[in-house]
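Colleague: I have the file open and some questions ready. Shall we go through the fold piece by piece?

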Amino acid sequence: MHMGDGSVLGRLQRLREKEGIVSQLTEEELSTLAENSEEVRCAKGDHLISSSQEKDYLYLVLEGEITVSLSVPQDQDHVLDEIDAGGLVGEMSLFIGGDRTATAHVTQEGCLLKIPIAAFHQLLLSRLDLWNYVANLVQVRLRRLKLVTYLSDFFEQTNVFDGRFVRELEPEIRWLTLRRGELLFRQGQAADAAYFVITGRLRAVVDDHKATEKLAGEIVSGEAVGEMALLSETVRSATVYASRDCELVKIPTATFEVLIERHPQLLRSLSRVLVERLRRTTARRVIRAKTVSIGLFPADASVPLAEFAHDLEEALALHGSVEVLSGARIDELFGRPGITQTRDSDPLFLRLIQWLNDREEHFRCQIYQADPVWSPWTERCMRQADKLLIVGTGGSSSLPGEVESRLHKESHHHRTQDQILVLLHPDDCERPSGTEEWLVQRSVKSHHHVRRRDKKHYARLARSIVGESVGLVLSGGVARGFAHIGVIRALEELGVPIDIVGGISMGAMIGGQYVYGYGCDDMIRVNSDVFHRSARDYTLPFVSLLKGAELWRRGTRYLGDKNIEDLWLPFFAVSSNLTKADIEVHRTGSLGWAIRASGSLPGVWPPINHNGELLVDGAVLNNLPIDIMHEHCEGSVIAVDVSAPLDLQENTPYGVSISGWQILWNRISPFTPTLELPGIFSILMRAAELASVRAQQQVMANDSSDLYIRPPVTRFPAMDFESIREIASMGYDHAKGEIQTWREQTTSG
């Protein structure tokens, strides 16, 4: 390329007759533009713009033609646009900043006007209509760029979706912008199109048998929703709405049918996508987003949000690249103070949004730190984030401050992202307290207690954010449940973190003691005392064989009056509701009471009366609550099962009846043959867990846990509380090998 010597102003004036940006300019603006720009001659094949070239200039085509291309790995360049006289090249850097995303080369020799970005930017700022004109042009080209990239990745067919093909497709497709909370489609509606998520995140929910909505999954950037409509006439199987601001592409079924006729290989690619989606659904696997966007909001103005953001950034860095974006930080990066406070109608708003979306693609975690007061930037944090963390200070007032109150108001009118409460505690805090006061005033998905400057606490929170938590599920099994102690010891020794614990019956007892703070040796000591005499707490069997008073007295002595929500680790216990024939999940309230309800074996211990309803052992309906853990834990689930697939064998045949007096005489007389018969305790326990053990086998057939451990403890009688050390040791020996193998497979995978 070389400098021209013609009249720049004359060329510009001739272009005013042609549709384009020049036709929008006044004579004075044309003159100013000509004075501040340089004419450049170019030959066919000249490279005009590349990712490594300067970004201080853009070009206006005076004569000739420029082709803009996108480089695709292992493929030829895709043509995005062909720009002739009157068109702009390189204007995207005005709005999105960052590195060049495409290259431009000359396909017909001609003449260009090299315009300094600063001068052109000043011209746009002087006229809102001109700014909007160029912004619309940028949006069309940017959408085309994204569409080529995303459709090629989705269908794994980079040789189909080039720029020319997408330009032909553009009249048939529709771009949609959904704001946070807006509906895409409802369950049961006719399906006539598929949607591709370009930016943002969607949430799918289904109506269950209780007429309530249940989360079915999330659709993130780069994925599709409703793609089954491309293959057959059907109805929507779920309701889908935007959990944050989204940009989508709608492809009607009729349009896809035309594509299939021209490119049959797309059908094979789509089938592969649908099979993978089905496999994930069946295995209860959730695809994690490439980027997790977190919004940080102070419960009140006194919260040290900057300190929290810094410590969280350090913890998240172990999972990939992280960036913290506060209003001040973005203003600094942009070099434009106050740009984060722009509203939707502001000319700079598009540039800010495109810049934010572009940066998300380069980081594993994006942290949006809100202002201490409600502001346009605080609202943008809410609309841009996938997860909203409300950060409060433990021990301070639980009343929501200005920002949180406004956040609640916005969420009240729209479906929203997951809201998570994080309570910060002093570094010398032994146990949290008063959490109930915080929870009753908020509707949050979960809560976390974090000791300030405690790296382990921040690491646990970071795992939950990126979907790499480890949930531990402990089954019921009476004395055989002491094997859980050994499994926990093995997990600790091998460095496997435990982020959330859930249990049934004895599993709830051991899990509750662990989250309370007892070590493995302490749990052996405590349970040796709790169950030493509790099993002989007999009463007249009108309701149960045992009173349960001794078990309650000894158990609560070691747990005090602690509430579940005040524990450092999240915990739940499961009981069975006899009145409603349904399960009850205890995530808050008295820890000791929840454990007692979860272990009230019918006929052995009396049921618990809860608001006029009777609760008994959770093993009656679900002895291994893997499904419940999946609802509360994003990450890996380790299930420990001490139930017996076969039990009560080697019994003496006795016909259709037997006398208790005969059994008693047999036991006290040295002259009669021994009768091998199960006792009433064993029969009641086996009967109570029978249905859930059968259902449990089906759950395991679906491979719903990441690591399934079944310690070989069935040789111990269910009521053998005296063998606690042997049972715990057997659990440890068996689990250690299983865990090591799992970690090796996970690491190699």
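**Sheet, cores and cysteines**

Modeller: In strand S17, proline 252 is the bridge partner of alanine 193. Keep in mind that this is a predicted model.

Colleague: How many bridges join strand S11 to strand S17?

Modeller: S11 covers residues 193–199 and S17 covers residues 246–252. The two strands run antiparallel. The number of bridges joining them is six.

Colleague: Which strands are the edge strands of the open sheet?

Modeller: The sheet has four strands in the order S8-S17-S11-S14, with antiparallel pairing. An edge strand here pairs on one side only. That leaves S8 (174–178) and S14 (224–225).

Colleague: Helix H4 packs on the sheet; what angle does its direction make with that of S11?

Modeller: H4 spans residues 128–155. The helix touches S8, S11, S14 and S17. Its direction and that of S11 make about 115°.

Colleague: And helix H6, which strands does it touch?

Modeller: H6 runs over residues 253–262 and packs on the sheet. Its direction makes about 65° with that of S17. The strands touched are S11 and S17.

Colleague: Where does the largest nonpolar core lie with respect to domain 1 and domain 2?

Modeller: This core has 70 residues, and Leu12, Leu60, Val89 and Phe120 touch the most other members. H4 gives the most to the core, with 13 residues. Domain 1 (8–154) and domain 2 (172–283) both contribute residues, so the core lies between them.

Colleague: Leaving aside neighbours within four places in sequence, what is valine 89 in contact with?

Modeller: Val89 is one of the core residues that touch the most other members. Beyond those sequence neighbours, its contacts are Leu48, Ile49, Leu58, Tyr59, Val61, Ile66, Ile83 and Ala104.

Colleague: How many residues are in the second core?

Modeller: That core is separate. Its members include Ala490, Ile510, Val526 and Leu601. The count is 61 residues.

Colleague: In strand S25, what is the bridge partner of glycine 471?

Modeller: S25 (residues 500–504) has five of its five residues buried. Ile500, Gly502 and Ile504 point one way, Val501 and Gly503 the other. Four bridges join S25 to strand S24 (residues 469–474), and the pair runs parallel. The partner of glycine 471 is isoleucine 500.

Colleague: Is cysteine 520 buried or exposed?

Modeller: The cut-off for buried is under 20% relative accessible area. Cysteine 520 has 6% relative accessibility, so this residue counts as buried.

Colleague: How many disulfides does a search of the whole structure find?

Modeller: A disulfide needs two cysteine sulfur atoms within 2.5 Å. The search of the whole structure gives zero.

Notes:
Residues numbered from 1 in each chain as written. Predicted model: local features only at pLDDT ≥ 70, side-chain atom pairs only at ≥ 80, totals over all residues. Heavy atoms only, no water. Pairing = 2+ DSSP bridges. Contact = heavy atoms within 4.5 Å. Axes fitted to C-alpha atoms, helices over the stretch in contact; angles between N-to-C directions. Buried < 20%, exposed > 50% of the residue type's maximum accessible area, 1.4 Å probe, protein only. Core = buried A, V, L, I, M, F, W, Y, C linked by side-chain atoms within 4.5 Å. Domains from an automatic or database assignment.
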